[in-house]
Amino acid sequence: MRKLPVYLSPIAEEKLTSILSYLREEWSERSANSYLETFLNKTEQISIHPRSCIESSEYKGLFKMVIEKHTSLFYRIYEDEIEIITIIDNRQNPDSIKKEIRKQSR
């Protein structure tokens with residue numbers, strides 16, 4: 001099975017940076033590194049098995065992967081790559097999630 005390259009949308013990149021900064025400032029460098037390692041392992045998983053996660057019933061063509069208890073990501077599979085659309089706080093208001101995803105779908 002071939003491995004698809006995974007890239008982050010500008011919003012996903014901004015969110016990942018924000019999460020890592022928060023973890024460094026409020027918890028520790030170790031916490032940030034642990035989160036990043038988990039994130040990279042999850043992206044590796046979807047790179048090898050793109051359809052291993054649940055397809056969203058609300059957002060056609062998007063898949064959702066839980067990163068850790070409080071965060072998940074949404075991604076889209078293209079023929080030769082995978083785009084991570086956004087990273088969300090699972091406690092986040094669903095309306096703000098919809099807004100982010102709509103922005104990326106244009």
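In this predicted model, helix 2, made of residues 29-48, lies across strand 1, strand 3, strand 4 and strand 5. Its direction makes an angle of about 150 degrees with strand 3. Helix 1 covers residues 10-26 and lies across strand 1, strand 4 and strand 5, running at about 45 degrees to strand 5.

**The sheet**

The strands that these helices lie across belong to an open sheet. Five strands form the sheet in the order 1-5-4-3-2, and the pairing is mixed. Strand 1 (6-8) and strand 2 (54-55) are the edge strands, since each pairs on one side only. As a general point, strands of a sheet pair through backbone hydrogen bonds, in either a parallel or an antiparallel sense. The table follows the sheet from one edge to the other.

| Strand pair | Sense | Bridges |
|---|---|---|
| Strand 1 and strand 5 | parallel | three bridges |
| Strand 5 and strand 4 | antiparallel | seven bridges |
| Strand 4 and strand 3 | antiparallel | six bridges |
| Strand 3 and strand 2 | antiparallel | two bridges |

Individual residues show how the strands line up. Starting at strand 1, Val6 stands opposite Ile82 in strand 5. Arg76 stands opposite Glu83, which is also in strand 5. Between strand 3 and strand 4, Phe63 faces Tyr75 of strand 4, and Glu68 has Thr71 of strand 4 as its bridge partner. At the other edge, Ile54 stands opposite Lys64 in strand 3.

**Hairpins and strand 4**

Strand 2 and strand 3 form a hairpin with six residues between the strands, where Gly61 takes a positive phi near 85 degrees. The hairpin of strand 3 (residues 62-68) and strand 4 has two residues between its strands. Strand 4 also forms a hairpin with strand 5 (residues 82-89), and here four residues lie between the strands.

Why is strand 4 largely enclosed by the rest of the structure? Six of its seven residues, in the stretch 71-77, are buried, so strand 4 is largely enclosed. A residue is called buried when its relative accessible area is under 20%. In the sheet order, strand 4 stands between strand 5 and strand 3. Both helices lie across strand 4 as well: helix 1 and helix 2.

**Pro10**

Is Pro10 buried or exposed? Pro10 has a relative accessible area of 63%, so it is exposed, the cut-off for that word being over 50%. This residue lies in helix 1. The C-alpha atoms of Pro10 and Ile84 are separated by 9.4 Å, although the two residues are 74 residues apart along the chain.

**The largest pocket**

In general, rolling a probe the size of a water molecule over the atoms shows where empty space is left. The largest pocket holds about 460 Å³ of space. Its lining consists of 20 residues, and those nearest the centre are Ile19, Tyr22, Tyr35, Thr71 and Asp89. Helix 1, helix 2 and strand 5 are the elements that give two or more residues to this lining. Which element gives the largest share of the lining? Helix 1 does, with seven residues.

By type, the lining has eight nonpolar, five polar and seven charged residues. Thr71, one of the residues nearest the centre of the pocket, is also the bridge partner of Glu68.

Note on methods. Residues are numbered from 1 along each chain as its sequence is written. This is a predicted model: local features need pLDDT of at least 70, side-chain atom pairs count only at pLDDT 80 or more; totals for chains, interfaces and linings use all residues. Side-chain values use heavy atoms; hydrogens and water are left out. Buried means under 20% relative accessible area, exposed over 50%, partly exposed in between (1.4 Å probe, protein chains only). Two strands pair if DSSP finds at least two bridges between them. Contact means heavy atoms within 4.5 Å. Axes are lines fitted to C-alpha atoms, for helices over the stretch in contact, and angles run from 0 to 180 degrees between N-to-C directions. On a 1 Å grid over the protein atoms alone, a cavity is a set of points where a 1.4 Å probe fits but cannot get out, and a pocket is an open set with protein on both sides within 12 Å along at least five of seven lines; lining residues have an atom within 4 Å of a point. Grid points are joined across faces, edges and corners, and a volume is the space filled by probe spheres set on the points. Ala, Val, Leu, Ile, Met, Phe, Trp, Tyr, Cys and Pro count as nonpolar, Asp, Glu, Lys and Arg as charged, and the others, Gly among them, as polar.
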